[in-house]
Amino acid sequence: MKHPYQDIPATLARALQAARRVVVFTGAGVSAESGIATFRDALTGLWSRFDAQALATPEAFRSHPDIVWGWYEWRRAQVLRAQPNAAHRAIARLARHVPELAVVTQNVDDLHERAGSVGVAHLHGSLHAPRCSACDAPHAFADGTPREPEEGRRIDPPACMRCGAPVRPGVVWFGESLPADAWEAAIRAAEQCDLLLSIGTSARVYPAAELPQRALAAGATVAQINPAATPLDARAHHNLRGAAAEIMPRLLASAGFEPPENP
Ligand code: OAD
């Protein structure tokens with residue numbers, strides 16, 4: 001019988017047991033098994049099917065606000081219908097077992113929070129927190145469940161209640177800075193942690209991709225969970241090949257934090 005965590009290196013299990021400060025750094029792959037598309041996977045990735053310059057830049061929003069708003073509403077509707085998966089749940093449970101856990105995500109969904117994680121740093125903003133494109137006032141959606149817009153449908157953005165300018169998605173676009181608070185907290189956590197888990201990210205988009213490197217430079221153990229190779233493979237101490245929803249529960253079990261699933 002296959003041992004449920006035989007593929008977790010004992011040195012990693014011990015590092016997790018001993019760690020005082022852990023950073024979980026996630027990307028689109030952690031939500032893949034919830035049915036949310038990644039960006040760079042061939043064929044299924046959003047940037048294989050859509051032009052990032054035409055949808056994820058301030059210039060695109062200025063030229064065609066209805067195309068951009070419609071695209072983000074389509075994505076928000078998908079997220080609202082999705083459920084957190086076993087990886088999100090394992091990450092939330094990890095907080096009970098390590099003295100300090102920082103969850104830092106590049107994802108604009110809310111699946112970490114819905115799985116029970118608190119204080120998540122969203123480096124690339126959130127689909128659920130739009131704001132005015134002129135005065136930055138936050139905008140509340142009328143209700144949390146938009147009609148499922150079809151792919152490619154144009155939708156005019158709402159007008160800001162304060163100044164009347166178009167409301168924009170609360171995400172970070174290409175060419176924009178990361179939210180300073182989230183970024184500073186993430187850098188601090190990466191530089192002070194004993195262990196950083198880089199889960200479901202292609203580790204190509206900077207500055208976010210600096211985080212594992214900062215952790216390595218500060219002497220932390222870095223482990224990656226991803227079915228594919230990334231530029232971080234050469235430097236990470238552990239590269240666990242596979243789906244986050246399968247590996248994360250086994251990683252917790254290997255550290256003795258929880259009984260293994262399906263023993
Ligand atoms: P990518 O699409 O670049 O990478 C997703 C990674 O997840 C890939 O390396 C996949 O191999 C891996 N993956 C796929 N399925 C997985 C699974 N079940 N379990 C674990 N890993 C899996 O997404 P990100 O790295 O998040 O930015 O991309 C970073 C940023 O680029 C995004 O936040 C977004 C995008 O442009 C903005 O929108 C600002």
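## Exercises on a ligand shell between two domains

In this predicted model, the shell around the ligand takes at least three residues from domain 1 (1-36 + 84-125 + 178-263) and at least three from domain 2 (38-81 + 131-168).

**Exercise 1.** Determine how the two domains are placed relative to each other and how many residues of each are in contact.

Solution. Begin with the domain assignment of the protein chain, which gives domain 1 (1-36 + 84-125 + 178-263) and domain 2 (38-81 + 131-168). Next, take the C-alpha centres of domain 1 and domain 2, which lie 28 Å apart. Finally, turn to the contacts, where 11 residues of domain 1 meet 7 residues of domain 2, with heavy atoms within 4.5 Å as the criterion.

**Exercise 2.** Describe the residues around the ligand by their number and by their character.

Solution. The ligand has 23 residues around it, and of these Phe39, Arg40, His124, Thr201 and Ser202 come nearest. Sorting the shell by character then yields 11 nonpolar, 9 polar and 3 charged residues. As for location, the ligand takes up the space of the largest pocket.

**Exercise 3.** Find polar contacts of the ligand with Glu33, Phe39 and Gly200, and state how much of the ligand's accessible area the protein covers.

Solution. Consider first the side chain of Glu33, in which an N or O atom lies 2.7 Å from a nitrogen atom of the ligand. Then consider the backbone: a polar backbone atom of Phe39 is 2.7 Å from an oxygen atom of the ligand, while a backbone N or O atom of Gly200 is 3.2 Å from a ligand oxygen atom. For the last step, the ligand on its own has 790 Å² of accessible area, of which the protein covers 92%.

Technical notes
Residues numbered from 1 in each chain as written. Predicted model: local features only at pLDDT ≥ 70, side-chain atom pairs only at ≥ 80, totals over all residues. Heavy atoms only, no water. Near = heavy atom within 4 Å. Polar contact = N/O pair within 3.5 Å; in protein donor to acceptor, adjacent residues only side chain to side chain. Areas by Shrake-Rupley, 256 points an atom, 1.4 Å probe, with all protein chains shown as cover. 1 Å grid on protein atoms, 1.4 Å probe; cavity = no way out; pocket = protein on both sides within 12 Å on 5 of 7 lines; lining within 4 Å. Sits in = over half its atoms within 2 Å of the grid points. Nonpolar A, V, L, I, M, F, W, Y, C, P; charged D, E, K, R; others polar. Domains from an automatic or database assignment.
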